[in-house]
Each structure stands twice: as C-alpha cells, then as structure tokens.
Amino acid sequence: MPELGIDSSKLTIEKTKLPKSSLPTKGLVYGQNFTDHMLIIEWEEGYGWKNPEIKPYSNISLDPSCCALQYSFELFEGMKAYKDSNDSIRLFRPELNMKRMNESAARICLPNFDGNELIKLIIKLVKLEKDFIPKDFGYSLYLRPTMIGTSGGLGPKPPKSAMIYVICSPSSPYYGLKIKPVKLEAIDYASRAWPGGSGNSKLGGNYSPCVLYQRESAKRGFEQILWLNGEDNHISEVGSMNFFIAFKDNKSGKCELVTAGLDGTILDGVIRRSILELTKEKLDKEKWDIVERVCTIQEIIERSEKQEVLEAFGCGTSAIVTPVEGIEYHGKYIIIPTDLNNECGPLTRNITKWITDIQYGNVESNWSVVV
Ligand SMILES: *Cc1c(COP(=O)(O)O)cnc(C)c1O
C-alpha cells in the first residue's frame, strides 16, 4: 500500500475555549506572541500522513530520546500573511516555501508531502486567526511551518515518525517604521555553511552554532555578521539573510547588482529570488546588470576606495530588506552609502516598495495569493 498523502479535506478543528482578544499592534516584539491555534499533521512510516488537526496552541509532548531533540531532525519555513486594504488576506509566493520545505525535509530524511495540500491547510488556519493580523501597512502574521522527527530511540537514523506543525505570530514592521541601516562585521574565522554541507536547507541545526559568533559580534557593536567563505573570502550571506551589493563602474558608468549564486552554501530565499526577478524586469537594461556571482571582501574594499559601491542590503521574509551602512573587516571599516537621512539608498528603497506593494496588494501580481 502506498503511504497516504496529506488530505486537507480531512481537517478537524477544535477551537480554544479561552480565546485571546486580538493582540495590540503597538509594541509587538518579533516572534514573541502567538495566536490561539496551531495546525498539526502527524506522519508515520508505512502509513503516511494522518488527518490534519487545528487545535488550541499548546505544548507538545515528545519522547526525550526523540530524534528532533537528540540529533536535530528539525526544519522550518518562514512566510507571512498580509491584510490588504479590502481586508482580504494574502500570502506571498507560498508555493516556493512549500518547495523549499520539501527540499529541507529530503536533506534530513524527513518525509515529503504535497505542498498544495499544506497551503490549503495554512489558509484555513490563517482565516481562523484573521483577527490577529494587524491591518496597518508593515504589519503581518508571521507563519512558522515546522517539521520534526518524533521517533524515539538513540542513534542517528531516518525518522520513523514525524510531525508538521504551523504556528502564527502577529508581527510589527521588523525595524519599526523608520528604516535603520545596520553595521556588519565580516567574519572569516567561522562559517555558517560550507561546500557539501546543509547551508542551503532551512534546518534548525544550521542556526544554533552561529549564535555564539552573533553574540560576540554584537558585543563589539555590530548588528549582523557578514559570513565570508573560502580561501578568497567571498561573501555568502548576512546573518540569516541573503546579501546584495550594488556597484557602479567609474569608467563605463554601468551599474551592477550582485548576489552570491546558489552554490549549495546559499539559502534560496524567496525574497532574494523575487528581487532578482523584479530588478531584471524593472531596472534599465542599458544601465544595470543583475548578476549572481562570487564577490570577495577584497573587491568591496577596493571598489569602496574608488567610490564604486552604491548600496548594500540583506533580505529575507522577516525584514524584507535591511540596508547596510558599513562593514568592518580586520579592523578596517568600509562605509556603505545610504542617503541623507541615513535610511537607505534609492535602489534599496525602490526594491522594498516593489515587494511590499505586491505583498499588501497595492499592485496586482500573481505572486500574491488572495485567500
Ligand atoms: C530564511 C533565510 C533566508 C531568507 O529566505 P526568505 O525565503 O527570503 O525569507 C536567507 N538566508 C538564510 C540563511 C535563511 O535562513
């Protein structure tokens, strides 16, 4: 018998007896507040996916020997639901999150699933929690689909049972309403990801080893780490965001928007991909080249000295775009231009607007799914 796939038509919903009134929009700290309900779908080897359930948000019970806790069989996604001016709820390119979630699962021998069925279930959850989605621009409901291996018994091996769950967290604009650029510390003595590793999967195990360096760097006054890779110290990502930098060639006057290629050490970000596609469509082709290529810290230093660096930013679902105002490397501080208000440069500003306009339905696009 083939294993059963996720069947959204089998969903059961148990509503909480203690509903919270919807959360205030002011002073929401990222990821600290959760809504009343969660979605859970269990899987067992040989059987497949069991009936999906929406239940009150609560603790889950696990065998202390289970593989999620012992060997980090855990992966997650980050996506958001937005409220548009008609009070309709929208998701942004959710099929890309489902594809990546399946790829992360395959990487650590967790089961695959039908992404369309999980999207249907997420839509049911989001509709149930709609009063928790702050309406104002910049606010959203952050969704955290998670998969864990639940089978017990020591020894790292493919999990025999697993669980998908989805929790929802109402969120404010990541950096408040004023855009605030960040200072980066470029680090070459530690790596977030390496060739043949798992940096291109969204696995919990990729993140905990980075927090130590993040904390050390924060003590030195930097908001994020710029992860350098390889003998040539090329840029991979910034914190847990993808990284973009824009140059202008003094001789030809041509501009270039650069990000690292997907070489196995780079997370295939939905926002990264959207920025590549939007800039190719919208920027003047005579003037701009949009390129996925190796960019070393040395290139940034040299081109900064020639005043050829235009702008740099990190990007990801949480903050969309995070402008960079400077990069420290081996005691040298490279200033990255922003604007007179010290917010961000014009390209960063345009990109942010192109993306958020689609997410909030101000501009119609098939990237925005009205649910
Ligand atoms: C999640 C994540 C990103 C951003 O991905 P988006 O899909 O754009 O949110 C980038 N880098 C890392 C390491 C990540 O975990």
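# Report on a predicted model

In this predicted model, helix H4 is followed by Gly221, whose phi is positive, near 100 degrees. H4 itself has twelve residues. From its first C-alpha to its last, H4 reaches 18 Å, close to the 16 Å expected at 1.5 Å a residue.

## Helix H3

Helix H3 covers residues 115-128, which makes 14 residues. The span from its first C-alpha to its last is 20 Å, close to the 20 Å expected at 1.5 Å a residue. At the start of this helix, Asp114 places a side-chain oxygen within 2.9 Å of the backbone nitrogen of Asn116. The buried residues of H3 are Gly115, Glu117, Leu118, Ile119, Leu121, Ile122, Ile123, Leu125 and Val126.

## The loop between E10 and H4

Strand E10 (182-187) and helix H4 (208-219) are joined by a loop that holds Lys202. The UniProt record, an unreviewed entry, places the feature "modified residue: N6-(pyridoxal phosphate)lysine" at Lys202. Is Lys202 buried or exposed in the model? Its relative accessibility is 13%, so Lys202 counts as buried, the cut-off being under 20%. Leaving aside neighbours within four places in sequence, Lys202 is in contact with Leu75, Phe76, Glu77, Gly78, Arg100, Ser104, Tyr207 and Leu267.

Asn206 is placed in this loop between E10 and H4 as well. With a relative accessible area of 8%, Asn206 is buried. The side chain of Asn206 reaches two backbone oxygens: that of Ser198 at 2.9 Å and that of Ser201 at 2.8 Å. Not counting residues up to four places away in sequence, Asn206 touches Arg192, Ser198, Gly199 and Ser201.

## The ligand

Which residues are closest to the ligand? The ligand is surrounded by 14 residues, and the closest are Lys202, Tyr207, Glu237, Val270 and Thr317. Three pairs of polar atoms between protein and ligand are set out below.

| Residue | Protein atom | Ligand atom and distance |
|---|---|---|
| Arg100 | polar side-chain atom | oxygen, 2.8 Å |
| Ser240 | polar backbone atom | nitrogen, 3.4 Å |
| Thr317 | N or O atom in the side chain | oxygen, 2.7 Å |

On its own the ligand has 380 Å² of accessible area, and the protein covers 95% of that area. Two residues named here are also contacts of Lys202, namely Arg100 and Tyr207.

## Arg293 and Glu308

Arg293 lies in the loop between strand E15 (288-292) and helix H6 (297-305). Its relative accessible area of 22% makes Arg293 partly exposed. Arg293 and Gly261 are 32 residues apart along the chain, while their C-alpha atoms are separated by 5.4 Å. Which side chain forms a polar contact of 3.0 Å with that of Arg293? The partner is Glu256. Not counting residues up to four places away in sequence, Arg293 touches Phe247, Glu256, Val258, Thr259, Ala260, Gly261, Glu299 and Arg303.

Glu308 is found in the loop that runs between H6 and strand E16 (309-316). Glu308 is buried, with a relative accessible area of 4%. The C-alpha atoms of Glu308 and Lys248 are separated by 5.0 Å, although these residues are 60 residues apart along the chain. Lys248 is also among the residues that Glu308 touches, not counting those up to four places away in sequence. The others are Ala246, Phe247, Asp249, Asn250 and Arg303. Phe247 and Arg303 appear in the list of residues touched by Arg293 and in the list for Glu308.

## Positive phi outside glycine

Two residues have a positive phi although they are not glycines: Arg93, at about 45 degrees, and Ile320, at about 60 degrees. Where do they lie? Arg93 is in the loop between strand E7 (89-92) and helix H2 (94-107), whereas Ile320 is in strand E17 (residues 320-329). Arg93 is buried, with a relative accessible area of 7%. Ile320 is buried too, and its relative accessible area is 8%.

Notes:
Residues numbered from 1 in each chain as written. Predicted model: local features only at pLDDT ≥ 70, side-chain atom pairs only at ≥ 80, totals over all residues. Heavy atoms only, no water. Helix = DSSP H or I, 4+ residues; strand = E, 2+ residues; numbered from the N terminus. Expected span 1.5 Å × (residues − 1). Buried < 20%, exposed > 50% of the residue type's maximum accessible area, 1.4 Å probe, protein only. Polar contact = N/O pair within 3.5 Å; in protein donor to acceptor, adjacent residues only side chain to side chain. UniProt positions renumbered as here; feature names shortened; annotations may be inferred. Contact = heavy atoms within 4.5 Å. Near = heavy atom within 4 Å. Areas by Shrake-Rupley, 256 points an atom, 1.4 Å probe, with all protein chains shown as cover.
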